[in-house]
Amino acid sequence: MADKNKGPEMKKGTFSRLMKYIFAHYSWKIMIVLFCIVISAISTVVATVFLQRLIDEVITPGITSGFDAVRDQFMMIISLMILIHTAGVIGSFTYTRIMAGVTQGILKHFRTDMFNKMEMLPIKYFDTHAHGDIMSTYTNDTDAIRQLIGQSLPMMFQTILSVTSMVIMMLCYSIWLTIAVGVMSISIVYVTKKFAGASAKYMMVQQETLAEEEGFIEEMMNGQKVVKVFCHEEESKEEFKKINEKLFEAGRTANANGNVLMPILHNIGNIMYVLLALIGGLMVYFQAPNISLVENGVVTIGIIVSFLNMSRQLSQTIGQASMQVPMIAMGLAGATRVFDLLDQEPEFDEGYVTLVYARRNEKGELEEAPSRTGLWAWKHPHKADGTVTYVELKGRVELEHVDFGYVPEKMVLHDISLYAKPGQKIAFVGATGAGKTTITNLINRFYDIPDGKIRYDGININKIKKHDLRHSLGIVLQDVNLFTGTVMDNIRYGRLVATDEECIEAAKLANAHGFIERLPDGYQTMLTGNGASLSQGQRQLISIARAAVANHPVMILDEATSSIDTRTEALVSDGMDNLMKGRTVFVIAHRLSTVRNSNAIMVLDHGRIIERGDHDDLIDQKGVYYQLYTGAFELE
């Protein structure tokens, strides 16, 4: 188990990359925001200047000379102060409104880019990353970025401007008092670094643990039936308790350090305020000489009041900014995870052979057709001489001495050689882990082989574009995935341009039409939760109809009847028989009754083909298949 104090690693350059991403989409709006922040920050500091003038040029002379003597000066200063504060209010209002839109826009772009990248990633990525962890990137990590962009960054930029402006103004008033503020500010910096750093560290741990917890919850929800069947409720609760406790500790420690910071800084600010009032009061009382960047003279009451006001603003500004440090750390941690997803290598495809509609010309030669026909062909450009040949898609598949392992050090398939002629049915039989599904994954090019060759109609599949290759292959899986939408939508998923009539014909072919007609709204019945309102057999029939409407010349049936009852199996098997007519078919099955009529049956054991032949041949051999069929022993 990972160290509970270890959070996601912060990659160097994440902040600058995030800024480039923001400016790439909203450069002119960000420029307006920066201008408004400058106005807002400077207005707060400049107002202090007029406070000093109000005291030294109006209130103090007014006490001795009377208010009438300073009336005009008073009205001018008050008018300027109102004008400056109004400008600050308008600046703050403007940049917060703009940033609200910018923040949501950036999150929209992030989610779009992540989803687009996710659709381009190889199957291997999803096999090696928990789905809950990926979902956390879309939710928790983007929310952390939202706080960073919408709140923390504007406040930090405003803080830098405000602190810089206040320091310059303090130096203009009194260098001695500014040095006093600097000395006392060392304690503020130390406390901020200590508590904000600890908070930021645990905020990152919290972010990672939250993703872990979501992954665990998603896993438990998918496997709830298994949990209950094996009575593992208590063990699941204990495991969740451990993860939740880890999340609690990270959140508690992060918030404890973050929440204690503001009160401490507030009290340090009060102490600084009192000490400056004491030092300033003594300087006024003794008429101590004042050294400043503007002029030399004595410290006035107006200077002391303005200085105290700025020191209070300085401590509050630093305190508010320090509260954003954990949020910045969490936002950058979220950005790191988002960019990690965006930086994943897309599925590599060096193929250049494409699938096209074809027709025969007057000479009987194949050529590309401008619209849909009943004939498909592989368009094969030859790099050597620039010529293009067309090969009819018939569905002949050959594997030659194929070796493969999901990881290089552990091979799953060893020297696999087989061929399937157009229209043949090839069955794979073997124990779990023998390599049956792996072979079909290689035909789909979900994974590429390090050694050997796979040919499709005589063409090395590495030369065929993956999109076109998969467009020629249909697959019916044991685990059916139905999407939110109508029954018609789910059937049409096989070919989005299919008409309602074509979808209904496909459903009839798959023996699904009868039960669909009995649904409350027929083909327009809404399905949710992966078709939870349907039985396993009904869901499987819809998946067969989906494959039928796609009309692929090659079909892969991956244990499509293993999880349904015997009566429904007959209905599903009949639908699959209709689907398989005239197609090259690869069947993976545990129930040997479903593969008796196969042209060839491959018996696999530990990634090797140990027997091959049709049903009668294998029965005559009295080998492993014979023992399986007669029940001498069963598949594990």
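Arg583 sits in the loop that links helix 15 (566-580) to strand 16 (584-588). Helices here are DSSP runs of H or I with at least four residues, strands are runs of E with at least two, and both are numbered from the N terminus. The model is predicted: local features need pLDDT of at least 70, side-chain atom pairs count only at pLDDT 80 or more, and totals for chains, interfaces and linings use all residues. Residues are numbered from 1 along each chain as its sequence is written, and side-chain values use heavy atoms, with hydrogens and water left out.

Arg583 counts as buried because its relative accessibility is 9%. Buried means under 20% relative accessible area, exposed over 50%, and partly exposed in between (1.4 Å probe, protein chains only). Two polar pairs involve its side chain. A polar contact is a pair of N or O atoms within 3.5 Å; within protein, one must be able to donate a hydrogen and the other to accept it, and residues adjacent in sequence count only if both atoms are side-chain atoms.

| Partner of the Arg583 side chain | Distance |
|---|---|
| Asn551, side chain | 2.4 Å |
| His552, backbone oxygen | 2.5 Å |

Leaving out residues up to four places away in sequence, Arg583 touches Gly423, Gln424, Ala548, Asn551, His552, Pro553 and Met555. Contact means heavy atoms within 4.5 Å.

Next, the sheet. It is open and mixed, with 6 strands in the order 12-15-16-9-17-18. Strand 12 (473-477) and strand 18 (608-613) are at the edges; each has a single partner strand, so one side of each lacks a neighbour in the sheet. On average, neighbouring strands are turned by 20° against each other, direction ignored. Strands pair if DSSP finds at least two bridges between them. Strand 15 (residues 554-558) and strand 16 run parallel, joined by 5 bridges. Ile556 stands opposite Phe586 in strand 16.

Two helices pack on this sheet. Helix 9 (residues 436-443) touches strand 9 (425-430), strand 12, strand 15, strand 16 and strand 17 (600-605), and its direction makes about 140° with that of strand 9. Helix 14 touches strand 12 and strand 15; its direction makes about 180° with that of strand 12. Axes are lines fitted to C-alpha atoms, for helices over the stretch in contact, with angles from 0 to 180 degrees between N-to-C directions.

Helix 14 (536-550) also meets helix 12, whose buried residues pack against helix 11 (487-492) and helix 13 (513-517) as well. In helix 12 (residues 500-509), Cys503, Ala506 and Ala507 are buried. Down the helix axis, these buried residues fall within an arc of 100°, so they line one face. The arc is that of the directions from the helix axis to the C-beta atoms. Asn511 follows helix 12, with a positive phi near 65°.
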